[in-house]
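Trainee: Please show me the model, and then we can go through the ligand site and the packing.

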Amino acid sequence: MPGWQGSDEPVGLTDWKNELRQAFTRPADLLAWLGLPATLAGPEAMDGFRMLVPHGYAELMEPGEPLDPLLIQVLPQAAEAEAHPAFVLDPVGDSAAALGPGLLQKYQGRALLITTPACAIHCRYCFRRHYPFAQASLGADGGAEAIAGIAADPSIHEVILSGGDPLMLDDPALAAMVAKLAAIPHLERLRLHSRLPVVLPSRVTANLCGTLTQSRLQPVVVIHANHPRELGPVAALALGSLRAAGVTLLNQSVLLRGVNDDPDTLTALSKTLFRHGVLPYYLHLLDRVQGAAHYEVPLPAALTLVALLRRRLPGYLVPRLVREEPGTASKIVLA
Ligand code: SF4
């Protein structure tokens, strides 16, 4: 935004790096803090995908409630170890879409950068929970090879920063990345897929807003909220700041059993998002990643839910129900 005063002052109440250092990493600690028995959790570091939950997110959970929809998303459970043949390591075909280290292209005109393996929260249903980040992220060269690949292909007009979570890059690293991309003449838009404005909203500083809006690229941030209770007062402030700075805000959710698979929750989510300046964009059917079968909502139930939403809400508040299938030219729109 012209005249934006860059500063490290967080919009929320805490410094994001400090908050991250204090995140819950042991299920027993989180459960004790919520007044719940440690026996609710499965093994602590299933497949090396340890638990990670910022305090601010845990504060949005209901103490003493084992079926809390926020808790269910992050608590390692024994069901993750069950074998389901249709649930695989790479459900969306990331490996086949790789053009080089950290650079993926699935759809025409867009390219995706795996900027970092880090996230601020570990969602148990994550489709990249088995992604080989050590070999397939941007290298120590700051992504020079991937950026050269984008610069060499004039058909690419939009770059998506993904991960992990691209907002886990610190401000200098992110600013350097944006500057390199803005110098590529055929790029028009910069999109970030990030759960941080929801789960660690103190990450949204004035500096960050400046970095995202002061280049010539049109900025779009696609947040990831699955339940209206995730959008607490600090997230509301963060989203307001991004929007005031000129960022287009969209949301993608994953349809998750026991979390948001009912019309009242999805209706409230769409309304809450819009109140904070965010348009509901996608409602994803679960990607069939190994360890997440217990979250799946069958397609007929998903179609019924979206039909109910369509009766209750204006069209612009009904997210598109989609499924990602490896090798297709776009996501499959189901409703
Ligand atoms: S924040 Fe996104 S990338 Fe990170 S674990 Fe959750 S779903 Fe996966």
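**Ligand site and cores**

Mentor: The ligand occupies the largest pocket. A pocket is an open set of points on a 1 Å grid over the protein atoms alone, where a 1.4 Å probe fits, with protein on both sides within 12 Å along at least five of seven lines; a molecule sits in it if more than half of its atoms lie within 2 Å of its grid points. This is a predicted model, with local features needing pLDDT of at least 70 and side-chain atom pairs pLDDT 80 or more, while totals for chains, interfaces and linings use all residues. Residues are numbered from 1 along each chain, and side-chain values use heavy atoms, without hydrogens and water.

Trainee: Which residues surround the ligand?

Mentor: Here a residue counts if one of its heavy atoms lies within 4 Å of the ligand. By class, the shell has four nonpolar, two polar and one charged residues. Its members are Cys119, Ile121, Cys123, Cys126, Gly164, Arg195 and His224.

Trainee: Which helix gives the most to the largest nonpolar core?

Mentor: A nonpolar core joins buried Ala, Val, Leu, Ile, Met, Phe, Trp, Tyr and Cys residues through side-chain atoms within 4.5 Å, buried being under 20% relative accessible area with a 1.4 Å probe, protein chains only. This core has 88 residues, and Leu113 is one of those that touch the most other members. Helices are DSSP runs (H or I, at least four residues). Five residues come from the top contributor, α7.

Trainee: How many residues of α9 are buried?

Mentor: Helix α9 spans residues 206–213 and is mostly covered. Leu208 and Leu212 are among its buried residues. Of its eight residues, the number buried is seven.

Methods. Buried means under 20% relative accessible area, exposed over 50%, partly exposed in between (1.4 Å probe, protein chains only). Helices (H or I, at least four residues) and strands (E, at least two) are DSSP runs, numbered from the N terminus. On a 1 Å grid over the protein atoms alone, a cavity is a set of points where a 1.4 Å probe fits but cannot get out, and a pocket is an open set with protein on both sides within 12 Å along at least five of seven lines; lining residues have an atom within 4 Å of a point. Ala, Val, Leu, Ile, Met, Phe, Trp, Tyr, Cys and Pro count as nonpolar, Asp, Glu, Lys and Arg as charged, and the others, Gly among them, as polar.
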